[in-house]
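Biologist: I should like to examine this protein step by step, with the reasoning behind each answer. Please show the sequence and the structure before we begin.

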Amino acid sequence: LKENVITLTDGISRVKQLLPKRFNFIADADTTVDGFLAHEAQTVVPEAVTGEKDGEKMQGIDQSKLVPLLTAALQEAITRIETLETEVSALKSQ
């Protein structure tokens with residue numbers, strides 16, 4: 001059912017472009033949440049955002065569509081950590 005399948009290889013650089021925020025919605029001033037401003041996230045993960053900035057309907061973010069990007073970034077970070085651990089271990093053995 002899928003085609004043109006490629007591995008995500010730029011996870012860390014894309015995650016670094018996301019700008020997490022703390023905010024409340026005007027309709028619920030007493031509740032502060034962690035999240036993203038949809039129009040900012042749209043530049044990094046456009047498939048996760050619906051609606052238009054300042055459009056008639058509020059923009060929304062499907063948070064589940066951020067999971068593949070976050071997973072790719074985490075895997076890249078783990079690989080970097082493991083490489084550094086191997087290098088440090090090799091230096092200690094000298």
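Modeller: A residue counts as buried under 20% relative accessible area, as exposed over 50%, and as partly exposed in between. Please also keep in mind that this is a predicted model.

Biologist: With those limits in hand, is Asp-34 buried or exposed?

Modeller: The relative accessible area of Asp-34 is 59%. The limit for the upper class is over 50%, so Asp-34 counts as exposed.

Biologist: With which residue does the side chain of Asp-34 meet in a salt bridge?

Modeller: A salt bridge requires a side-chain nitrogen of Lys or Arg within 4 Å of a carboxyl oxygen of Asp or Glu. For Asp-34 the N to O distance is 2.4 Å. The partner of Asp-34 in this salt bridge is Arg-22.

Biologist: How many residues apart are Asp-34 and Arg-22?

Modeller: After the salt bridge between Asp-34 and Arg-22, the next point is that this pair links distant parts of the chain. Asp-34 belongs to strand β2 and Arg-22 to strand β1, and their separation is 12 residues.

Biologist: How many bridges join β1 to β2?

Modeller: The strands β1 and β2 form a hairpin with 2 residues between them. They run antiparallel. Among the bridge partners, Phe-23 is matched in β2 by Val-33, and Phe-25 is matched in β2 by Asp-28. The number of bridges joining β1 to β2 is 4.

Biologist: How many aromatic pairs does the count come to, and is the pair of Phe-23 and Phe-25 stacked or edge-to-face?

Modeller: The count of aromatic pairs comes to 1. The ring centres of Phe-23 and Phe-25 lie 5.4 Å apart and their planes stand at 85°. Planes over 60 degrees apart fall in one class of the definition, so the pair is edge-to-face.

Biologist: Which accessibility class does Phe-25 fall into?

Modeller: Phe-25 has a relative accessibility of 43%. The intermediate class lies between the limits of 20% and 50%, so Phe-25 counts as partly exposed.

Biologist: Which residue forms a salt bridge with Glu-40?

Modeller: Side chains of opposite charge can pair when their charged atoms come close. For Glu-40, the closest N and O atoms of the pair are 3.5 Å apart. The residue that forms this salt bridge with Glu-40 is Lys-21.

Biologist: In which strand does Lys-21 lie?

Modeller: The salt bridge between Glu-40 and Lys-21 links distant parts of the chain, 19 residues apart. Glu-40 is partly exposed at 22%, and Lys-21 is partly exposed at 30%. Glu-40 lies in helix α2, whereas Lys-21 lies in strand β1.

Biologist: How many salt bridges does the count come to?

Modeller: Besides the salt bridges of Asp-34 with Arg-22 and of Glu-40 with Lys-21, Lys-53 forms one with Asp-54. In that pair the closest N and O atoms are 3.0 Å apart. The count of salt bridges comes to 3.

Biologist: What is the value of phi for Asp-54?

Modeller: Most residues other than glycine have a negative phi. Asp-54 is found in the loop between β3 and β4, and Asp-54 is exposed at 71%. Although Asp-54 is not a glycine, its phi is positive, at about 60°.

Biologist: Asn-4 also has a positive phi; in which segment does Asn-4 lie?

Modeller: The phi of Asn-4 is near 55°, and Asn-4 is a residue other than glycine. Its relative accessible area of 71% makes Asn-4 exposed. Asn-4 lies in the segment before α1.

Biologist: How far apart in space are Gly-11 and Ala-27?

Modeller: Gly-11 lies in helix α1 and is buried, with a relative accessible area of 0%. Gly-11 and Ala-27 are 16 residues apart in sequence. From C-alpha to C-alpha, their distance in space is 34 Å.

Biologist: Finally, what is the volume of the largest pocket?

Modeller: The largest pocket is lined by 18 residues, and Phe-36, Leu-37, Ala-38, Met-58 and Gln-59 lie nearest its centre. By class, the lining has 7 nonpolar, 6 polar and 5 charged residues. β1, β2, α2 and β4 each supply at least two residues of this lining. The volume of the largest pocket is about 390 Å³.

Notes: Residues numbered from 1 in each chain as written. Predicted model: local features only at pLDDT ≥ 70, side-chain atom pairs only at ≥ 80, totals over all residues. Heavy atoms only, no water. Phe/Tyr/Trp six-rings, centres within 6.5 Å; stacked < 30°, edge-to-face > 60°. Buried < 20%, exposed > 50% of the residue type's maximum accessible area, 1.4 Å probe, protein only. 1 Å grid on protein atoms, 1.4 Å probe; cavity = no way out; pocket = protein on both sides within 12 Å on 5 of 7 lines; lining within 4 Å. Points joined across faces, edges and corners; volume = space filled by probe spheres on them. Nonpolar A, V, L, I, M, F, W, Y, C, P; charged D, E, K, R; others polar. Pairing = 2+ DSSP bridges.
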